[in-house]
Amino acid sequence: MTATVPLSTGVMTYDDLVGQVLAGALGPDPAAQRVTVAFTTRQAVRHTGRGTGYRNEVLSLRLDAAVGSCAVEPGDLPDHALDDCVGADVARLLDHPLPAVRVAALDAYLMHVTPHTPEHGACPHPLSAGSSLEKSRARAAAVTDLLDLPEDAVVLVVGVVNSLLEALRSRGLRYVPCDLKGGTTEWGEPVRTDALAAADHCDALLVSGMTLGNGTFEPLRRHALRHGKQLVAFAQTGSAVLPRLLGHGVSAVCAEPYPFFWLDGGPGTLHRYRHRANGRIGGAR
């Protein structure tokens with residue numbers, strides 16, 4: 001049976017969610033919750049058989065047993081960010097000048113109070129052990145399966161991951177790839193840099209959680225809500241944040257908390273959520 005929980009009321013935007021946390025409406029006083037560990041994860045990837053690669057850098061903060069994360073452009077995070085976070089309370093970090101720190105702190109807090117369990121609406125989705133490419137493709141299938149679209153529909157993909165594009169192709173879906181870095185896809189397709197400008201010409205949005213940290217998420221959420229389009233998020237950044245916005249422009253989330261699937265070749269678990277038409281959050285099977 002699919003787990004369901006009532007949708008949080010009144011959470012319409014990311015800023016509203018921050019305000020609820022600061023007010024203590026979602027759990028314990030954030031001023032009394034302190035981060036004990038701060039760390040970054042950096043990687044470079046080029047899958048066997050692929051012609052292009054990429055780099056990742058992620059800030060992660062530990063609050064009790066929970067870890068919250070926010071991806072950044074490689075090299076953008078100053079060294080002092082880790083020192084700022086260790087020992088600091090969540091309320092203070094939610095007002096930090098660096099967006100990545102604010103997002104990671106919010107993610108850690110929400111992971112602490114609402115971990116990815118069926119009781120909170122999550123449906124676990126196992127990832128089998130395998131090579132970096134095998135796990136990337138398996139994760140891409142789990143993400144794109146959350147899109148309920150007919151063949152030949154057009155998907156705006158914000159945060160280009162070639163395995164996601166490959167999975168969309170396999171379903172007969174077209175896409176418009178967007179990323180602030182620009183460039184080209186594995187197949188030589190140009191990558192747009194202005195996602196919102198491209199959204200009008202797409203039927204659905206497939207959006208990286210990294211948009212929370214770079215400030216591009218809210219306009220995309222508003223577009224999806226205003227036009228009744230599906231917005232599916234794949235979230236290493238803000239894996240516990242984005243499920244809170246289901247029904248408010250977000251239709252489904254594939255949550256990917258630390259430790260991330262690409263860290264090793266062993267098995268892992270994704271946590272999928274889908275907003276139901278009856279106003280409830282249910283695990284996606």
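The exercises below, each with a worked solution, concern the salt bridges, the buried elements and the domain contact of a predicted model.

Local features of this model need pLDDT of at least 70 and side-chain atom pairs count only at pLDDT 80 or more, while totals for chains, interfaces and linings use all residues. Residues are numbered from 1 along each chain as its sequence is written, and side-chain values use heavy atoms, with hydrogens and water left out.

**Exercise 1. Salt bridges along the chain**

Task: State how many salt bridges a search of the whole structure finds, and locate the partners of D264, E189 and E218.

Solution.

Step 1. A salt bridge is a side-chain nitrogen of Lys or Arg within 4 Å of a carboxyl oxygen of Asp or Glu. The search of the whole structure yields eleven salt bridges.

Step 2. The partner of D264 is K135, with 3.9 Å between the closest N and O atoms. This pair links distant parts of the chain, 129 residues apart: D264 belongs to the loop between β10 (252-255) and β11 (268-275), and K135 to helix α5 (residues 132-144). Helices (H or I, at least four residues) and strands (E, at least two) are DSSP runs, numbered from the N terminus. Because its relative accessibility is 3%, K135 counts as buried; the term buried means under 20% relative accessible area, exposed over 50%, and partly exposed in between (1.4 Å probe, protein chains only).

Step 3. E189 pairs with R169, the closest N and O atoms being 3.0 Å apart. Here too distant parts of the chain are linked, 20 residues apart, with E189 in the loop between β7 (174-178) and α7 (195-199) and R169 in helix α6 (residues 162-170). R169 is classed as partly exposed because its relative accessible area is 39%.

Step 4. For E218 the partner is R221, at 2.9 Å between the closest N and O atoms. Both residues lie in helix α9 (residues 217-227), three residues apart, about one turn of the helix. E218 and R221 are both buried.

**Exercise 2. The surroundings of α9, β8 and α6**

Task: List the buried residues of α9 and of α6, identify what covers them, and describe how β8 is covered and paired.

Solution.

Step 1. In α9, the buried residues are F217, E218, L220, R221, H223 and A224. Their cover includes α1 (14-22), β6 (154-158), α7, β8 (204-208), α8 (211-214) and β9 (230-235), where contact means heavy atoms within 4.5 Å. Just after α9 comes G228, with a positive phi of about 65°.

Step 2. β8, one of the elements covering α9, has five of its five residues buried. A204, L206 and S208 lie on one side and L205 and V207 on the other, so that by the definition of burial (under 20%) both faces of β8 are covered.

Step 3. Two strands pair if DSSP finds at least two bridges between them. β6 and β8 run parallel and are joined by four bridges; V155 has A204 as its bridge partner in β8. β8 and β9 also run parallel, joined by five bridges, and S208 stands opposite F234 in β9.

Step 4. The buried residues of α6 are N162, S163, L164, L165, A167 and L168. Among the elements that cover them are α5, β6, β7, β8 and β9. G172 follows α6 and has a positive phi, near 75°.

**Exercise 3. The contact between the domains**

Task: Describe the contact between domain 1 and domain 2 by its area, its polar links and the elements of domain 1 that take part.

Solution.

Step 1. Domain 1 spans 14-113 and domain 2 spans 122-274, with bounds from an automatic or database domain assignment. Their centres, taken over C-alpha atoms, are separated by 20 Å. Domain 1 gives 27 residues to the contact and domain 2 gives 26 residues.

Step 2. The area buried between the domains is about 2300 Å², of which carbon and sulfur atoms give 62%; buried area is the accessible area (1.4 Å probe) that two parts lose on being put together, summed over both. Y14, H47 and R50 supply 25% of the area that domain 1 buries against domain 2, more than any other three residues.

Step 3. One salt bridge is counted between the domains. The side chains of E73 and K181 meet in a salt bridge (3.9 Å, N to O), and these two residues are linked with D179 in a network of salt bridges. Between the domains, five residue pairs are in polar contact (both at pLDDT 80 or more). A polar contact is a pair of N or O atoms within 3.5 Å; within protein, one must be able to donate a hydrogen and the other to accept it, and residues adjacent in sequence count only if both atoms are side-chain atoms.

Step 4. On the side of domain 1 that touches domain 2, α1, β2 (37-45), β3 (54-63), β4 (66-72) and α4 (99-113) each supply at least two residues. The largest share of that side, seven residues, comes from α4.
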